[in-house]
Amino acid sequence: HANFVERDREKFGRILQQLVEKFPKEKRAFHDLGVYYNGKGDFDEAIEAFNKGLELDPNFDGAHNYLGGIYERMGDFSKSIEHLKKYVELNPGEHNPLDSLAMPYFWMGNLDEALAKYKDALEIKPDFYPSLFGAGYISALKADYSDAMRMFDMFVAVSPPVPRIEGYLWKGF
């Protein structure tokens with residue numbers, strides 16, 4: 001209510017803090033507090049909250065996913081990959097964890113590994129447009145224009161209207 005109806009983010013944060021104090025064994029409470037801090041860009045506090053959730057359940061996939069993204073944005077790609085590999089391990093046969101794992105490889109400049117992860121995600125869900133975009137972008141960077149065009153054609157075919165515009169731009173480029 002504080003967050004969505006009152007639109008009072010600070011009150012929302014105080015309530016989440018009270019929640020983890022009242023229920024210190026609830027991993028989901030720490031997860032929600034971590035999401036709150038992450039949204040504020042307070043990565044140190046977010047990491048602390050997610051790690052408390054992992055202390056309660058080392059296989060808490062949501063915490064691994066968020067920590068992977070936070071460490072990626074902080075430029076600590078080895079920690080990002082460590083958490084995202086665990087996220088993949090905990091969700092076999094799911095496309096999103098593989099897509100998430102592609103990003104730190106991309107930012108490290110390991111385009112082959114990033115492209116492989118995007119394509120692994122697409123083997124599971126061929127119409128997952130974020131992976132189609134990532135694979136197309138990397139293929140274009142690698143000057144494999146036929147693969148890039150194929151990926152962007154598929155991206156345009158399956159993506160919602162707003163992202164679709166970006167697909168047309170990349171095809172033109």
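**Exercise 1. Place H95 in the predicted model, decide whether H95 is buried or exposed, and list its contacts.**

Solution.
Step 1. H95 sits in helix α6 of what is a predicted model.
Step 2. The relative accessibility of H95 is 16%. Buried means under 20% relative accessible area. H95 therefore counts as buried.
Step 3. Neighbours within four places in sequence are set aside. H95 is then in contact with A121, I124, K125 and F128.

**Exercise 2. Do the same for S100, and state how far S100 is from K85 in sequence and in space.**

Solution.
Step 1. Helix α6 holds S100.
Step 2. S100 has 16% relative accessibility and so counts as buried.
Step 3. With its neighbours within four places in sequence left aside, S100 is in contact with N65, L84 and Y87.
Step 4. Between S100 and K85 there are two separations to report: 15 residues in sequence, and 9.4 Å in space from C-alpha to C-alpha.

**Exercise 3. Describe the chain as a whole: its elements, its box and its buried share.**

Solution.
Step 1. Count the elements: the chain has 10 helices and zero strands. Read from the N terminus, the order is α-α-α-α-α-α-α-α-α-α.
Step 2. Along the principal axes, the C-alpha atoms fill a box of roughly 55 × 35 × 25 Å.
Step 3. The chain has 173 residues, of which 40% count as buried.
Step 4. Take the contacts in the chain with a separation of 6 or more. Residues 24 or more positions apart account for 40% of these contacts.

**Exercise 4. Describe how α1 and α2 pack, giving the angle, the distance between axes, the handedness and the residues that meet.**

Solution.
Step 1. Choose the quantities. Two packed helices are described by the angle between their axes and by the distance between those axes.
Step 2. Helix α1 covers residues 9–22 and helix α2 covers residues 27–40. Their axes come within 9 Å and cross at roughly 150°.
Step 3. Angles over 145 degrees count as roughly antiparallel. α1 and α2 are therefore roughly antiparallel to each other.
Step 4. The crossing of α1 past α2 is left-handed.
Step 5. On the α1 side the contact is made by R9, E10, F12, G13, L16, Q17, L19 and V20, and on the α2 side by A29, F30, D32, L33, Y36, Y37 and K40.
Step 6. Sorted by class, the residues of the contact of α1 with α2 are nine nonpolar, two polar and four charged.

**Exercise 5. Describe the contact of α7 with α8 in the same terms.**

Solution.
Step 1. The axes of α7 and α8 come within 9 Å, with a crossing angle of roughly 150°.
Step 2. α7 passes α8 in a left-handed crossing.
Step 3. From α7, the residues L111, A114, L115, Y118, A121 and L122 meet P130, S131, L132, G134, A135, I138, S139 and L141 from α8.
Step 4. This contact of α7 with α8 has 11 nonpolar, three polar and no charged residues.

**Exercise 6. Which residues have the most contacts inside the largest nonpolar core, and which helices supply it?**

Solution.
Step 1. The largest nonpolar core has 22 residues. L122, A135 and I138 have the most contacts inside this core.
Step 2. At least two residues of this core come from each of α5 (77–90), α6 (95–108), α7 (111–124), α8 (129–141) and α9 (145–158).
Step 3. Follow L122, leaving aside its neighbours within four places in sequence: L122 is in contact with F128, S131, L132, A135 and M151.
Step 4. Another core, of 17 residues, lies apart from the largest one; L16, F50, L67 and Y71 are among its residues.

**Exercise 7. State where S139 lies, whether S139 is buried or exposed, and what S139 is in contact with.**

Solution.
Step 1. S139 belongs to helix α8.
Step 2. S139 counts as buried because its relative accessibility is 1%.
Step 3. Beyond neighbours within four places in sequence, S139 is in contact with L115, D144, D147 and A148.

**Exercise 8. What are the phi values of R7 and A143, and how accessible is each residue?**

Solution.
Step 1. R7 is in the segment before α1. Its phi is near 55°, a positive value in a residue other than glycine.
Step 2. With a relative accessible area of 68%, R7 is exposed.
Step 3. A143 is in the loop between α8 and α9. The phi of A143 is near 65°, also positive in a residue other than glycine.
Step 4. The relative accessible area of A143 is 45%, so A143 is partly exposed.

Notes
Residues are numbered from 1 along each chain as its sequence is written. This is a predicted model: local features need pLDDT of at least 70, side-chain atom pairs count only at pLDDT 80 or more; totals for chains, interfaces and linings use all residues. Side-chain values use heavy atoms; hydrogens and water are left out. Axes are lines fitted to C-alpha atoms, for helices over the stretch in contact, and angles run from 0 to 180 degrees between N-to-C directions. Helices (H or I, at least four residues) and strands (E, at least two) are DSSP runs, numbered from the N terminus. Angles under 35 degrees count as roughly parallel, over 145 as roughly antiparallel, 65 to 115 as roughly perpendicular and the rest as oblique. A crossing is left-handed if the near helix is turned anticlockwise from the far one by less than a right angle, and right-handed if clockwise. Contact means heavy atoms within 4.5 Å. Ala, Val, Leu, Ile, Met, Phe, Trp, Tyr, Cys and Pro count as nonpolar, Asp, Glu, Lys and Arg as charged, and the others, Gly among them, as polar. A nonpolar core is a set of buried Ala, Val, Leu, Ile, Met, Phe, Trp, Tyr and Cys residues joined through side-chain atoms within 4.5 Å. Buried means under 20% relative accessible area, exposed over 50%, partly exposed in between (1.4 Å probe, protein chains only).
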